Amino acid sequence: MSVIYWLGLVVLFAVLEACTANLVSIWFALGAVAGAVCTALGLRTGTAVTAFVLVSALALIVFKKLFGDKLSVKKEATNADRLIGTKAVVCEDIDSVKNTGAVEASGLTWSAKSDVPLKKGAVVEVVDIKGVKLIVREVLEVK
């Protein structure tokens, strides 16, 4: 394998990284640099491939150990997140086919969505929030 091929891989992985910006291929670009160096020094192809794999893995491990916690995306809680797990009352029939429906939760009226049609007056539990719609399911009361 010639140095040109390794440098082509460096460019390919760098461009891929630039397109994603999620640190998914930069490790391979570093490994390809190691492969190019091995090839330029006249080492065998197997040695260059081994250097590629080892440098890629080592770069990934070291970077994740040093900076992994700083890169994790944290979900920002909003005031609406407090509604998840609370009870609400359907104030407008919920119909997923027509994409209509509303519930009253914590004194406010919210657009709502459910897997099953629900009639006005039904007691529901908020299970999620998608955009500005509360995702609800009917609460079956046990007597």
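Accessible areas come from the Shrake-Rupley method with a 1.4 Å probe. The structure used in these exercises is a predicted model.

**Exercise 1. The whole chain**

Task: State how much accessible surface the chain has, and what share of its residues is buried.

Solution:
- Step 1. Take the surface. The chain has about 9,800 Å² of accessible surface. Carbon and sulfur atoms hold 65% of that area.
- Step 2. Take the burial. Buried means under 20% relative accessible area. Of the 143 residues, 28% count as buried.
- Step 3. Look at the contacts. Take those between residues at least 6 apart in sequence. Of these, 40% join residues at least 24 apart.

**Exercise 2. The order of elements**

Task: List the helices and strands from the N terminus on.

Solution:
- Step 1. Count them. The chain has three helices and five strands.
- Step 2. Put them in order. The run is α-α-α-β-β-β-β-β.

**Exercise 3. Two packed helices**

Task: Work out how α1 and α2 are oriented to each other, and which residues meet.

Solution:
- Step 1. Locate the helices. Helix α1 spans residues 3–20, and helix α2 spans residues 26–40.
- Step 2. Read the geometry. They pack at an angle of about 170°, and their axes lie 8 Å apart.
- Step 3. Apply the cut-off. Angles over 145 degrees count as roughly antiparallel. So α1 and α2 are roughly antiparallel to each other.
- Step 4. Find the contact residues. On the α1 side they include Trp 6, Leu 7, Val 10 and Phe 13. On the α2 side they include Phe 28, Ala 32, Val 33 and Ala 36.
- Step 5. Sort the contact by class. It has 14 nonpolar, two polar and one charged residues.

**Exercise 4. The barrel**

Task: Trace the five strands round the closed barrel, and give the sense of the pairings of β4 and of β3 with β5.

Solution:
- Step 1. Write the strand order. The closed barrel runs β1-β2-β3-β5-β4, with mixed pairing. Neighbouring strands are turned by 50° against each other on average, direction ignored.
- Step 2. Start with β1 (residues 87–95). β1 pairs with β4 in the antiparallel sense, over three bridges. Val 89 has Val 123 in β4 as its bridge partner.
- Step 3. Go on to β4 (residues 123–130) and β5. This pair is antiparallel too, with six bridges. Ile 129 is bridged to Leu 134 in β5.
- Step 4. Check the link between β4 and β5. They form a hairpin with two residues between them. Gly 131 in the turn has a positive phi of about 65°.
- Step 5. Finish with β3 (residues 108–113) and β5 (residues 133–138). These strands run parallel, joined by three bridges. Lys 113 has Ile 135 in β5 as its bridge partner.

**Exercise 5. Two unusual phi values**

Task: Place Asn 99 and Ser 106 in the chain, and decide for each whether it is buried, partly exposed or exposed.

Solution:
- Step 1. Recall the rule. Most residues other than glycine have a negative phi.
- Step 2. Compare the angles. Asn 99 has a positive phi of about 60°, although it is not a glycine. Ser 106 is not a glycine either, and its phi is positive, near 50°.
- Step 3. Place them. Asn 99 sits in the loop between β1 and β2 (100–105). Ser 106 sits in the loop between β2 and β3.
- Step 4. Apply the cut-offs. Exposed means over 50% relative accessible area, and partly exposed lies between 20% and that value. Asn 99 has 47% relative accessibility, so it counts as partly exposed. Ser 106 has 61%, so it counts as exposed.

Conventions:
Residues are numbered from 1 along each chain as its sequence is written. This is a predicted model: local features need pLDDT of at least 70, side-chain atom pairs count only at pLDDT 80 or more; totals for chains, interfaces and linings use all residues. Side-chain values use heavy atoms; hydrogens and water are left out. Axes are lines fitted to C-alpha atoms, for helices over the stretch in contact, and angles run from 0 to 180 degrees between N-to-C directions. Helices (H or I, at least four residues) and strands (E, at least two) are DSSP runs, numbered from the N terminus. Angles under 35 degrees count as roughly parallel, over 145 as roughly antiparallel, 65 to 115 as roughly perpendicular and the rest as oblique. Contact means heavy atoms within 4.5 Å. Ala, Val, Leu, Ile, Met, Phe, Trp, Tyr, Cys and Pro count as nonpolar, Asp, Glu, Lys and Arg as charged, and the others, Gly among them, as polar. Two strands pair if DSSP finds at least two bridges between them. Buried means under 20% relative accessible area, exposed over 50%, partly exposed in between (1.4 Å probe, protein chains only).
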